[in-house]
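Open the structure in your viewer and keep the residue selection tool at hand. The tour below goes from stop to stop, with something to select at each one.

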Amino acid sequence: MKILDAQATTDALPFAALIEQMATLFASGQPCPDRHHHTMPMQDEPDATLLLMPAWTNEVGCVKVVTATPGNTARKLPAIAGSVLVFDRNTGAHLALLDGATLTARRTAAASALAARYLSREDANHLLILGAGKVAAQLPEAFRAVRPIETVRIWDVFPKAAEQLATDLSTRGWDARAVQNLEQAVPQADIISAATLATDPLLQGDWLVAGQHVDLIGAFTPSMREADNRALQRARLFVDTRFAAIEAGELKTPLETGAITEADILGDLYTLSAGQMGRETAQEITLFKSVGNAVMDLAASVTAAG
């Protein structure tokens, strides 16, 4: 069995190949079980979460074990840890163990880029990132695989974290800079991607302008929110899978309060990848909400396995 560390996992998952593999699986209607979600109570900090996500094709299967520990932010440790086991579907033989945090960050960014291929304007070149963690760091490269991203601006609740990520990107040739005033930064962006662990909305719908694409990644439990109801109401709404409406506070709470309805959720990565829908006008605002599912992990596993 191959064991791939973080760097080896990164090298095995180039975004162009990963996005194409993901598009292929979703377009084919690839099924997977709903993920298992278990809350692990913590003392004097937000609860942690244990996620179990299996999926398989006729040839290859995988199962991911992930822990999400929001309290690690204060410890200056990654919030996400995990591993992905890849196995031969026919024999059950274990083929590889991949770094789960790296795989999750890259497949999450790839899913956002895949959605942006269909929902953002083709000339979108200004990316605003909310958050400065592991997923946020993957987003510029992922979005550039589908759109001509030239400008990257980064906001984080911890300004020094945003500055550090901007510096890291700048050393790799990006036009990247940290911003502190989110209200001023939002209208300037073509794509706004939020990858935080916020429990109260950061992005206000009244800040949005025509033609933007909003990508919401972080809120994966019912108690989390990155955007307010107004943002959802102003946009054409899409999800990675319909499971997002059950799991994410971003949708679950507005649905329960009547701020939006099930009919407002127009499609998912299955319908987008199959070419059944997408952006209709240059002026509309689109919004994509993802919580992640095992098809994304499967795409990464197939890509890494070659």
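Begin by selecting strand 12, where both faces are covered: Arg-236 and Phe-238 lie on one side, Leu-237 and Val-239 on the other, and all are buried. Keep in mind that this is a predicted model. The layout of the side chains fits a general pattern: in a regular strand they alternate between the two faces of the sheet.

**The neighbours of strand 12**

Add strand 14 (residues 286-289) to the selection. Strand 12 pairs with strand 14 in the parallel sense, over four bridges. To find one matching position, select Val-239, which stands opposite Lys-289 in strand 14.

Next add strand 13, which also pairs with strand 12 in the parallel sense, here over two bridges. Select Leu-237 and look for its bridge partner in strand 13, which is Ile-265.

**Helix 9**

Now select helix 9, residues 249-257. Which residues of helix 9 are buried? They are Gly-249, Glu-250, Leu-251, Pro-254 and Leu-255. Colour these five and show what surrounds them: the buried residues of helix 9 pack against strands 11, 12, 13 and 14, and also against helix 7 (229-234) and helix 8 (244-247). Step past the end of the helix to Gly-258, which takes a positive phi of about 85°.

**Strand 11**

Return to the sheet and select strand 11, residues 213-216. His-213 and Asp-215 point one way from strand 11, while Val-214 and Leu-216 point the other way, and all are buried. Strand 11 pairs with strand 14 in the parallel sense over four bridges. Within that pair, Val-214 stands opposite Leu-287 of strand 14.

**Strand 10**

Strand 11 also pairs with strand 10, again in the parallel sense and over four bridges. Select Ala-194, whose bridge partner in strand 11 is Leu-216. Then select the whole of strand 10, residues 191-194. Are its residues buried or exposed? All are buried, with Ile-191 and Ser-193 pointing one way and Ile-192 and Ala-194 the other way.

Add strand 7 (residues 126-130), which pairs with strand 10 in the parallel sense over four bridges. Two positions can be checked here: Leu-127 has Ile-191 as its bridge partner in strand 10, and Ile-129 has Ser-193.

**The sheet as a whole**

Select the strands of this sheet together. How many strands form the sheet, and in what order? Eight strands form an open sheet in the order 9-8-7-10-11-14-12-13, with parallel pairing. Strand 9 (175-178) and strand 13 (265-267) each have a single partner strand, so one side of each is left without a neighbour in the sheet. On average, neighbouring strands of this sheet are turned by 25° against each other, direction ignored.

Then select helix 5, residues 159-171, which packs on the sheet and touches strand 8 (151-155) and strand 9. The direction of helix 5 makes about 170° with that of strand 9.

**The largest pocket**

Select Ala-79, Gly-133, Lys-134, Ala-195 and Leu-197, which lie nearest the centre of the largest pocket among the 50 residues that line it. Among the elements that give two or more residues to this lining are strand 3 (48-56), strand 4 (60-68), helix 3 (100-119), helix 4 (134-144) and helix 5. The volume of the largest pocket is about 1500 Å³. Its lining divides into 29 nonpolar, 12 polar and nine charged residues.

**The second largest pocket**

Move to Asp-47, Thr-49, Thr-221, Ser-223 and Met-224, which lie nearest the centre of the second largest pocket. This pocket is lined by 14 residues and holds about 220 Å³ of space. Strand 2 (36-40) and strand 3 each supply at least two residues of the lining. By class, the lining has seven nonpolar, six polar and one charged residues.

**Last stop: Lys-2**

Finish by selecting Lys-2, in strand 1 (residues 2-3). Why does Lys-2 count as exposed? Its relative accessibility is 60%, and the cut-off for exposed is over 50%. Leaving out residues up to four places away in sequence, Lys-2 touches Leu-95, Ala-96 and Leu-97. Select Ala-305 as well: Lys-2 and Ala-305 are 303 residues apart in sequence, and their C-alpha atoms are 9.7 Å apart in space.

Definitions and conventions: Residues numbered from 1 in each chain as written. Predicted model: local features only at pLDDT ≥ 70, side-chain atom pairs only at ≥ 80, totals over all residues. Heavy atoms only, no water. Buried < 20%, exposed > 50% of the residue type's maximum accessible area, 1.4 Å probe, protein only. Contact = heavy atoms within 4.5 Å. Pairing = 2+ DSSP bridges. Axes fitted to C-alpha atoms, helices over the stretch in contact; angles between N-to-C directions. 1 Å grid on protein atoms, 1.4 Å probe; cavity = no way out; pocket = protein on both sides within 12 Å on 5 of 7 lines; lining within 4 Å. Points joined across faces, edges and corners; volume = space filled by probe spheres on them. Nonpolar A, V, L, I, M, F, W, Y, C, P; charged D, E, K, R; others polar.
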